Amino acid sequence: MRTMCRLCLNRCGILATVRGGMVVRIDGDPANPHNQGKACAKGRAGFYTLFSPYRVTGPLRRTNPEKGPGVDPGWEPISWNQALNLVAGKLKDIGEDDSRKLWRVTFDRSPLDYTWCAAFGTSPQPFSAGFFCGNAVHSMHFLNQFAVEAVPDVPLTQYILSVGGQYGAVVHYDTMNGAFELGRNREKIKLVAVDPFCGHAAGMADEWIPIRPGTDAAFLLSLVHVLINELGIYDAPFLQCFSNAPYLIGADGRYVRDPGTHKPLMWDAAEGVAKPFDAPVTDPALFGNHRVLGAEVRPAFQVIAERARQYTPEEVSRITSIPAATVRRIAREFGAAARVGATITIDGEQLPYRPASVTWYRGLSSHKYAFMNGFAAMLLQTIIGGLDVPGGLMGYRRAKYRATEDGLLAAMPHPGRVGSGPGPTNPYPARVVTPPQSIDLFELFPVACYSRAFAVKAILEPEKYHAHVRPQMLLQRRSNMAYTGAGREMMTELLCKIPFIVSFAFEIDETAEFADVVFPDLHYLEQLEPVGEGEYTTGSQPATFYGSKPVLKPPFDSPWDQLVSHDEILLELADRAGFLDDVYIACNALWRLPSDYALQPGKRYSYQELMDRALKATHGADKGLEWYVKDGLAVKERSVRERYPGAYPKPRIHVYHEYMIDAGRQVEAVTRELGIPWDSSGYVPLAEWRPCPAHTPKAPDFDLYMITAKAPYHALTATGTNPLLNEVGSRLGYNEIALHRDAGKRKGLKDGDWVEVETDSGKKARGRVKLTSAIHPEVTAVWSSAGRWARGATQNKEPPGIHFNSLLTLDDEHMDFVSAAVDSCLRVKISKLESSH
Amino acid sequence: MIEARIHFFGPIRGLVKKKEQLVVLEEGATVRRLLDELGRANGAEFRRYLVIEGATVNPALVVFLNGESLDEILNLDAPLPPGASVDVMLASPILGG
């Protein structure tokens, strides 16, 4: 049976083999180009979780009002009817009070999640995924690529600079394609990994450059400096015609505008005169100082070039620990590989060819100044003209775009994608700042793609943050927020403040331990979810549509063993709480169902019928549920224009972020008006490097940085229920603390020694040391997804390791007030213990 | 007269305290006129959220007119079509990490 792996973001197309009513084998679907017909070891082992002895198979109600890690909830089995009525009653009460007080948290959005929430009056959130993940990523790609994410154009690229990410090695949207294309093109691609830790991606790279944590922006800006100021490598025609690089900037950092039309001005070097950006300009100047309207002004690119001079390789070597010669060499290699000015012919069309890309992820996001890190990375890629052109950095999950009055590209919201909201949360034009209305204070983050970490602050200190919308109910599924959030202690405090918690749980994990009512969740091999994320179009791959199909029934009592999606429970709750008609209205509007398929309020539709209508509306009348169950794979080649939109004229993109100035002023004004303590100093129009708190240790004996890294054998927390993968992790040292051999020698430590780790904020943990040369000498690392503590879950048999997030501090010093990122580079000291006790 | 039916979706519903609203406007009324009316009818907090400057609505709000984004229509001074259906919601923070 053709179906979809749901263990990580890549969502591979898979084939499940069933014998005697059991799944006995999982393989990649050879017809699915998105994952190149392959499945990873995690995916192939996915069916082992079906046998979990800890599986929840019926609704449970808590009898012990006391909550906390290790506290017995006193579960009492209740009927489905009781559970549904109990939860529906609470929903009704909240709906009549203020719908925003329902906090819907899910990482794995199902087809109806968004419309169900829209109809109730709230929105779904993945919560901790937004603490330190895409904070430096999504906004940048929305801004310059009208896309949520981007990956290198691997078949055509020749140089990949991977900074703070593990492209092709760990959970991501394009892992399988990346891994196989990198392998296939090994000889012609140079992959350089810049990372404090030589993780699995760096281990397979051509070169690993260890960098001091939290200094990536300095390194990237130094590359910009060398390219512009030393080598003169930048795509001048592209920057002149398709970016705001020639817009003139005044002394106040703002665009210089035409007094009559208010349009930004450029300097025409051919005529020696300033003209509006949309006037015929023969030679838009990128450099120089000019006198316009009685004032000295400079093109934005001149400002960038001057600012970049601060980041000489020699100065940056001091910040990053990377030798100056290496910085210059990487800049030379990147610049040469970019082949600025080159073209390539694809399908008869001549296109720019820029076979070099920088790719970045969590390593740039999990810092105090995450937004600036993203600016720096995007600037490097933009100055070579390497966005969405052959060989360059390819956006995917694209939005539509428009030109603003300033001639700049702005991603647009659009309905019609089943399963997703109207998004996107584009940084430009910045949202207007208003007093907080959302649980996560989103109104105070006008350029961020989300602000979920600030929900922790708002819930724990509502008066301080003027947070009058306080969650009265948490409805949570596939987002183990007690574990993945702000650390065990803080999340316990937070969850205890929410009066009523409902979990959809496969096992009683760290979050379900806090639930008042638990509904059993389906395994992904039991689900029918055809439309969760729509088409997959990473890189220059074809557009591929497929989804989850049930190969087994869940082990629930009849008739609930017929469930194929947790959305059916949501629909039942909506019906009992009196808002099912609103769900239909929301489906009609947000899925853009044409009149033939529109849902009629007052009627009742099965989940299968809803999916049938959604499928037909999206894919055509012959591709309803019957087609989906029988086949369910649609592969559509994309035209050159669809694959490489960067090669065609479109509105200008940003190298200079003027909108940040106004956004910052608005934030400052509103927070001052409300008396909310806030740091708006990060709203600057150009990338800069600023040190993280860890760069100033509170005492000299805190001599190491501590970071976390993803391993390929776990997919966030989703695979913690798999005993095989847990065993692999244990054997490979998943529960150990990686430390450089020199640091170990200095501290008298050897492999396997027990140590105490203490952060300079006073948080402590214990673990065993693994000495290695594959880490920066000043750094120690633990693996993400380690340190689980739930008793009623599979991983309770494993040596736990260190729970990294419990060492974090979510205070003003460690949070980015622009991107809402949580700084997760810690300063620690390590001391030897005589034993684990 | 033009009748426009406005649906409020998502958290914005908590702000305006209603699911939908019927607005009756004079013949030839524009999108801007409709938004002004919505702002007037739904209190200061919502008005502050809405903010119409020139041809732009606060990007925090996503407004669809007969299924088409206002960002796409661009011209707030275009007349409303008869029987207009208007969906108002908040921009949706993205799903992934």
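# Exercises on a predicted model

In this predicted model, the buried residues of α2(A) are covered by elements of chain A that include β6 (102-106), α3 (113-120), β23 (473-477), β24 (500-505), β25 (517-520) and α17 (567-577). The exercises begin with that helix.

## Exercise 1. Helix α2(A)

Check the length of helix α2 of chain A against its number of residues, and find which of its residues are buried and which exposed residues lie on the face turned away from them.

Solution.

1. Helix α2(A) takes in residues 80-97, which is 18 residues. At 1.5 Å a residue the expected span is 26 Å, and the C-alpha atoms at the two ends are 26 Å apart, so expectation and model agree.
2. A residue counts as buried when 20 or more other C-beta atoms lie within 10 Å of its own. In α2(A) the buried residues are Ala83(A), Leu84(A), Val87(A), Lys90(A), Leu91(A), Ile94(A) and Gly95(A).
3. These residues cover an arc of only 140 degrees around the axis, which puts them on the same side of α2(A).
4. The spacing has a general basis: an α-helix has 3.6 residues a turn, so residues three or four places apart point the same way.
5. On the face turned away from the buried side, α2(A) carries the exposed residues Asn81(A), Gly89(A), Glu96(A) and Asp97(A).

## Exercise 2. Strand β6(A)

Describe the surroundings of strand β6(A), one of the elements that cover the buried residues of α2(A), and name strands that pair with β6(A).

Solution.

1. Five of the five residues of β6(A) are buried, so the strand is largely enclosed by the rest of the structure.
2. Leu102(A), Arg104(A) and Thr106(A) point one way from the strand, while Trp103(A) and Val105(A) point the other way. Residues on both sides are buried.
3. β6(A) pairs with β23(A) in the parallel sense, over five bridges. Thr106(A) has Arg477(A) of β23(A) as its bridge partner.
4. β6(A) also runs parallel to strand β7(A), residues 124-125, and two bridges join them. Here Arg104(A) stands opposite Pro124(A).

## Exercise 3. Two loop residues

Decide whether Leu112(A) is buried or exposed, and do likewise for Cys40(A).

Solution.

1. Leu112(A) lies in the loop between β6 and α3 of chain A. Leu112(A) has 29 C-beta neighbours inside 10 Å and therefore counts as buried.
2. Leaving aside residues up to four places away in sequence, Leu112(A) touches Asp567(A), Leu570(A) and Leu571(A).
3. Arg452(A) is 340 residues from Leu112(A) along the chain, and their C-alpha atoms are separated by 22 Å.
4. Cys40(A) sits in the loop between β3 (22-28) and α1 (41-44) of chain A. With 23 C-beta neighbours inside 10 Å, Cys40(A) counts as buried.
5. Ala512(A) is 472 residues from Cys40(A) in sequence, and the C-alpha to C-alpha distance is 28 Å.

## Exercise 4. An open sheet and a barrel

Give the strand order of the open sheet of four strands and of the barrel of six strands in chain A, and identify the edge strands of the open sheet.

Solution.

1. The open sheet has the order β11-β10-β9-β19, and its pairing is parallel.
2. β11 (207-209) and β19 (356-360) stand at the edges: each has a single partner strand, so one side of each is left without a neighbour in the sheet.
3. From one strand to the next, the twist averages 15 degrees.
4. Strand β9(A), residues 159-163, runs parallel to β19(A) and is joined to it by five bridges. Val163(A) stands opposite Trp360(A) in β19(A).
5. Helix α13(A), residues 370-383, packs on this sheet and touches β9 and β19; the direction of the helix makes about 170 degrees with that of β19(A).
6. The barrel closes in the order β28-β32-β29-β31-β30-β33, with mixed pairing. Its twist averages 45 degrees from one strand to the next.
7. Within the barrel order, β30(A), residues 754-759, and β31(A), residues 764-772, pair in the antiparallel sense over five bridges. Val755(A) stands opposite Gly767(A) in β31(A).

## Exercise 5. The contact with chain B

State how many residues of each chain are in contact, and describe the side of chain A by element and by class.

Solution.

1. The contact involves 46 residues of chain A and 31 residues of chain B.
2. On the chain A side, the elements that give two or more residues are α3 and α18 (580-590). The largest share, four residues, comes from α18(A).
3. By class, the chain A side has 22 nonpolar, 17 polar and seven charged residues.

Conventions. Residues are numbered from 1 along each chain as its sequence is written. Chains are lettered from A and ligands numbered from 1 in the order in which they are written. This is a predicted model: local features need pLDDT of at least 70, side-chain atom pairs count only at pLDDT 80 or more; totals for chains, interfaces and linings use all residues. The expected span of a helix is 1.5 Å times one less than its number of residues. A residue is buried if 20 or more other C-beta atoms lie within 10 Å of its own, exposed if 12 or fewer, and partly exposed in between; C-beta atoms are placed from the backbone. The arc is that of the directions from the helix axis to the C-beta atoms. Two residues are in contact if their C-beta atoms, placed from the backbone, lie within 7 Å. Two strands pair if DSSP finds at least two bridges between them. Axes are lines fitted to C-alpha atoms, for helices over the stretch in contact, and angles run from 0 to 180 degrees between N-to-C directions. Ala, Val, Leu, Ile, Met, Phe, Trp, Tyr, Cys and Pro count as nonpolar, Asp, Glu, Lys and Arg as charged, and the others, Gly among them, as polar.
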